[in-house]
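Ready to practise reading a protein model? Work through the exercises below with the structure open beside you, and try each task before you look at its solution.

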Amino acid sequence: MIDDRPVLLETRGRSLHITLNRPRAINALTHTMVRLIDEALTAAERDGTVTSVVLTGAGERGLCAGGDIRALHDDTRAGGRASLDFWRDEYRLNARIARFPKPYVALMDGIVMGGGVGVSAHGSLRIVTERSRVAMPETVIGFVPDVGGTHLLAAAPGELGTHLALTGRAVGAADALLCGLADHYVPTRRLPELMEALAASVTAEEVARTVRGFAEEPSTAEPGELAAQRDWIDACYATDSVEEIVRRLEDTAASASASTAPAAADVVAELGGRSPLALKVTLAAVRRAARLGSLEAVLDQEFRVSARIREEPDFVEGVRARIIDKDGSPQWKPATLAEVDDSTVARFFAPLGPDEPELGLAPGATATGTA
């Protein structure tokens with residue numbers, strides 16, 4: 001008999017295993033799942049026999065493809081508040097995972113995107129495999145990275161996080177490690193053995209040693225790309241203007257002598273298909289996240305941005321074009337970067353008024369950071 005509960009809980013020795021169980025949807029998160037994970041963490045925190053929490057995803061495709069975008073789209077179109085309620089509890093869960101007092105081991109096997117990053121990459125022990133594809137692809141649908149994603153990407157070396165935030169590109173194990181989105185590489189075939197060893201690990205220190213004992217260097221068959229591209233990425237993205245980023249990328253792409261020209265040209269084409277509004281707000285969000293510092297303050301900021309971006313037409317249009325109709329031809333409004341001025345961007349970071357207390361993870365934090 002198939003167990004269709006969206007979150008499965010199982011105690012194995014000293015480990016509490018939390019399995020996201022919507023494999024047909026690549027375990028996309030619903031509000032119910034967020035609440036169930038939070039309840040499981042409460043139980044694990046109180047249970048003295050539980051040494052670690054292990055997060056996995058059901059099925060062969062991945063840990064989690066993100067939030068239930070179709071549900072968020074439908075709620076937004078209907079003018080409902082379910083999206084705000086979902087984000088409030090999801091972001092609080094992200095913060096809780098980051099501060100969880102026991103080892104939180106996330107097996108980031110396969111697809112790990114958006115909300116999937118939020119329930120894994122804030123954990124204390126984050127494991128990628130040769131199958132891992134990690135991304136914050138929100139700009140593809142006219143949205144902005146959330147679930148603490150701007151906090152993680154702002155902390156990546158140089159401008160690699162800015163590059164990933166704007167393009168929404170997925171990275172493999174080596175690049176996830178380089179960008180600080182994961183801690184260890186373990187081949188997929190060894191994950192069952194690792195989970196057995198974790199079940200027998202009695203202390204937090206032993207859990208950490210167990211994970212390190214299974215860790216290997218990423219497979220040479222799946223080499224990273226970003227380390228070799230770091231020079232031109234840092235040079236092109238080291239500005240607070242999306243227009244200037246595009247100009248620098250175009251100059252690099254036009255350089256006949258540069259071996260990086262094809263890669264830069266690909267990025268120009270990608271950014272040309274993204275929502276101009278989402279690009280500009282995303283760049284501002286990453287820059288502000290770097291100044292805010294704490295994850296809680298960044299999540300508060302992301303809640304403001306998410307609450308406002310859903311009021312714009314691009315989110316609904318992006319989901320329609322990429323996920324529902326799949327025609328790949330979103331009609332963005334505004335249609336050009338030039339039409340998105342600084343005052344428009346600043347509005348996304350302003351206090352929400354009556355909705356401002358809805359998250360409030362970092363009391364006393366300013367609404368606009370230190371900008």
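## Exercise 1: The sheet

Six strands form an open sheet with mixed pairing, in the order β1-β2-β3-β5-β7-β9. Before going on, note that this is a predicted model, in which local features need pLDDT of at least 70 and side-chain atom pairs count only at pLDDT 80 or more, while totals for chains, interfaces and linings use all residues. Residues are numbered from 1 along each chain as its sequence is written, and side-chain values use heavy atoms, with hydrogens and water left out.

**Task.** Find which strands are the edge strands, and work out in which sense β1 and β2 pair.

**Solution.**

Step 1. Start with the terms: strands (E, at least two residues) and helices (H or I, at least four residues) are DSSP runs numbered from the N terminus. Two strands pair if DSSP finds at least two bridges between them.

Step 2. Look for strands that pair on one side only: these edge strands are β1 (7-12) and β9 (184-185).

Step 3. Follow β1 to β2: the two pair in the antiparallel sense over six bridges. Leu 8 has Thr 19 in β2 as its bridge partner.

Step 4. Check the turn. The hairpin of β1 and β2 has two residues between the strands, and Gly 13 takes a positive phi near 60° there.

Step 5. Now compare β3 with β5 (residues 104-108): these strands pair in the parallel sense over three bridges. Here Val 53 stands opposite Tyr 104 in β5.

## Exercise 2: A residue in a strand

**Task.** Decide whether Ser 52 is buried or exposed, and list what Ser 52 touches.

**Solution.**

Step 1. Locate Ser 52 in strand β3 (residues 52-57).

Step 2. Apply the cut-offs: buried means under 20% relative accessible area, exposed means over 50%, and partly exposed lies in between (1.4 Å probe, protein chains only). Ser 52 has a relative accessible area of 0%, so this residue is buried.

Step 3. Search for contacts (heavy atoms within 4.5 Å). Leaving out residues up to four places away in sequence, Ser 52 touches Arg 14, Ser 15, Leu 16, Pro 103, Leu 198 and Val 207.

## Exercise 3: Two helices

**Task.** Which residues of α2 are buried, and how many residues of α6 are buried?

**Solution.**

Step 1. In helix α2 (residues 69-77), the buried residues are Leu 72, His 73, Asp 75 and Thr 76. Looking down the axis of α2, you see these buried residues fall within an arc of 165° (taken from the directions from the helix axis to the C-beta atoms), so they line one face of the helix.

Step 2. Ask what covers the buried residues of α2: the cover includes α3 (82-98) and α15 (313-324). Just after α2, Gly 79 takes a positive phi of about 75°.

Step 3. Turn to α6 (residues 160-167), where eight of its eight residues are buried, so the helix is mostly covered. Among the elements covering the buried residues of α6 are α5 (149-154), α7 (173-178) and α10 (226-237). Gly 168 follows α6 and has a positive phi, near 75°.

## Exercise 4: The largest pocket

**Task.** What is the volume of the largest pocket, and which residues are closest to its centre?

**Solution.**

Step 1. Define the term: on a 1 Å grid over the protein atoms alone, a pocket is an open set of points where a 1.4 Å probe fits, with protein on both sides within 12 Å along at least five of seven lines; lining residues have an atom within 4 Å of a point. Points are joined across faces, edges and corners, and the volume is the space filled by probe spheres set on them.

Step 2. The largest pocket has a volume of about 610 Å³. Of its 26 lining residues, Ala 65, Gly 66, Gly 67, Ile 69 and Ile 323 are the closest to the centre.

Step 3. Trace the lining to its elements: α2, α3 and α15 each give two or more residues.

## Exercise 5: Unusual backbone angles

**Task.** Where are Ile 26 and Lys 326, and is each buried or exposed?

**Solution.**

Step 1. Ile 26 is in the loop between β2 (15-20) and α1 (31-46). Its phi is positive, about 50°, although Ile 26 is not a glycine. At 11% relative accessibility, Ile 26 counts as buried.

Step 2. Lys 326 is in the loop between α15 and α16, with a positive phi near 55°. Its relative accessible area is 64%, so Lys 326 is exposed.
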